[in-house]
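Reader: Hey, I've just opened this one and I'm a bit lost. Can you walk me through some of it?
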Amino acid sequence: MAFEPPPRLVRALGETAPAGDDWLAQLPTVAERAVGRRELTVERVQVPGGRSSLVVLVRRPDGTPAVLKLAPSRARPESERAALAHWAGLGAVQLLEADADDGALLLERLHPDVSVRSLPEAKALLEAAGTLRRLWVEPPAGHVFETVAERTGRQAAAMRASAGTEPETAPLVESALAARTELLAEPPAHLLLHGTFRQSKVLAGERMPWLAVGPDPVVGESAFDLARLVRDRVEDLIASPSGPSITRRRIKRLAESLEVDQERLRGWTLFRAVESGVRALRVGRPKDGELLLEFAGWL
């Protein structure tokens, strides 16, 4: 079959691809080889799919449903493989293949069209937070996962550069960078984190009601992971006249329910919202950027 990448994936990779990158052009060939070597039967490409990988619904030779995931090397698929192997299905999708040298991931089939985001907001936050808690474990000995300090260091450098060309963002950028410096001075823990957790990353399953997918794992404190969840459904928050107070209550509720320091959660929420907002402006998504920076201004 033709492995046509969904428009969402094409747009997202187009924003981040380095000059000369030909991963999308090579994708049909890469997908054919990955399917052939595993003797998989292809059902369909998942649409709209993700922003960093091609997700293909397949069946294994014995008829078991599965998912084949293919991502460019800059999306760190081997890091995702290592995290999923360490979690071993506890709170996260199960890795079905212990090793592979082609960068592809063969995963347990969940219900790809049913995420926790389909639930009412309060219930969705509760279920998502419960799933996230299961992932916060000690990283494996000798791990090579990126740390929060390393990842946010790269992001901070890009934020400083953007602030020079977007003067109106400079005050928020400075506040976010100051928060990062303070937070990294005395990190309370070094746990394995999902790294890019949000409601849409939690899908319905058979083994467990809800399981996390699509990690970009990082090692650090749990407040960093939880911070991305705080701003879920940000468009609804911005549209609400009580958005700032809802956000403050959400931070308090999530911090208390997951035993995370409230001020550290607020600080990482600020940093991550500003970083995402500045990046959105930089790659030509002004509406997303403005929403995120307005949200960050409440913090």
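Author: Sure, let's start with Phe224: it is buried, with a relative accessible area of 1%. Buried means under 20% relative accessible area, exposed means over 50%, and partly exposed is in between, using a 1.4 Å probe and protein chains only.

Reader: Okay, and what kind of model is this?
Author: This is a predicted model, where local features need pLDDT of at least 70, side-chain atom pairs count only at pLDDT 80 or more, and totals for chains, interfaces and linings use all residues. Residues are numbered from 1 along each chain as its sequence is written, and side-chain values use heavy atoms, with hydrogens and water left out.

Reader: How many aromatic pairs are there?
Author: The count comes to 3 aromatic pairs. The rule takes rings of Phe, Tyr and Trp (its six-membered ring) with centres within 6.5 Å; planes under 30 degrees apart are stacked, over 60 edge-to-face, and the rest tilted. One of them is Phe224 with Trp268: the centres are 5.2 Å apart and the planes sit at 85°, so this pair is edge-to-face.

Reader: Where in the chain are Phe224 and Trp268?
Author: Phe224 is in helix H7 (residues 222-230) and Trp268 is in helix H10, 44 residues apart, so the pair links distant parts of the chain. Helices here are DSSP runs of H or I with at least four residues, strands are runs of E with at least two, and both are numbered from the N terminus.

Reader: Is Trp268 buried or exposed?
Author: Trp268 is buried, at 0% relative accessibility. Trp268 also forms an edge-to-face pair with Phe271, at 5.8 Å centre to centre and 90° between the planes. Those two are 3 residues apart in helix H10, which puts about one helical turn between them. Phe271 is buried as well, with a relative accessible area of 0%.

Reader: Which residues do the ring pairs link into a cluster?
Author: Phe224, Trp268 and Phe271. There's a charge there too: Arg272 lies over the face of Phe224, at 4.2 Å from the ring centre. For that, NZ of Lys or CZ of Arg has to be within 6 Å of the ring centre and within 35 degrees of the ring normal.

Reader: What about H10 itself, how far apart are its ends?
Author: The end C-alpha atoms of H10 (residues 262-282) are 30 Å apart, which agrees with the 30 Å that its 21 residues should span at 1.5 Å a residue. The expected span is 1.5 Å times one less than the number of residues. H10 is mostly covered, with 15 of its 21 residues buried.

Reader: And what comes just after H10?
Author: Gly284, which takes a positive phi of about 90°.

Reader: Switching topic: which strands make up the sheets?
Author: One open sheet has 4 strands in the order E1-E2-E3-E4, with antiparallel pairing. Strand E1 (41-45) and strand E4 (105-108) are at its edges, each with a single partner strand, so one side of each has no neighbour in the sheet. Two strands pair if DSSP finds at least two bridges between them.

Reader: How many bridges are there between E3 and E4?
Author: Strand E3 (residues 65-70) and E4 pair over 4 bridges, in the antiparallel sense. Ala66 has Glu108 in E4 as its bridge partner.

Reader: And another sheet?
Author: There's an open sheet of 3 strands in the order E5-E7-E8, with antiparallel pairing. Its edge strands are E5 (111-115) and E8 (210-212), each pairing on one side only. E5 is joined to strand E7 (residues 202-204) by 2 bridges, and Ser115 has Leu203 in E7 as its bridge partner.
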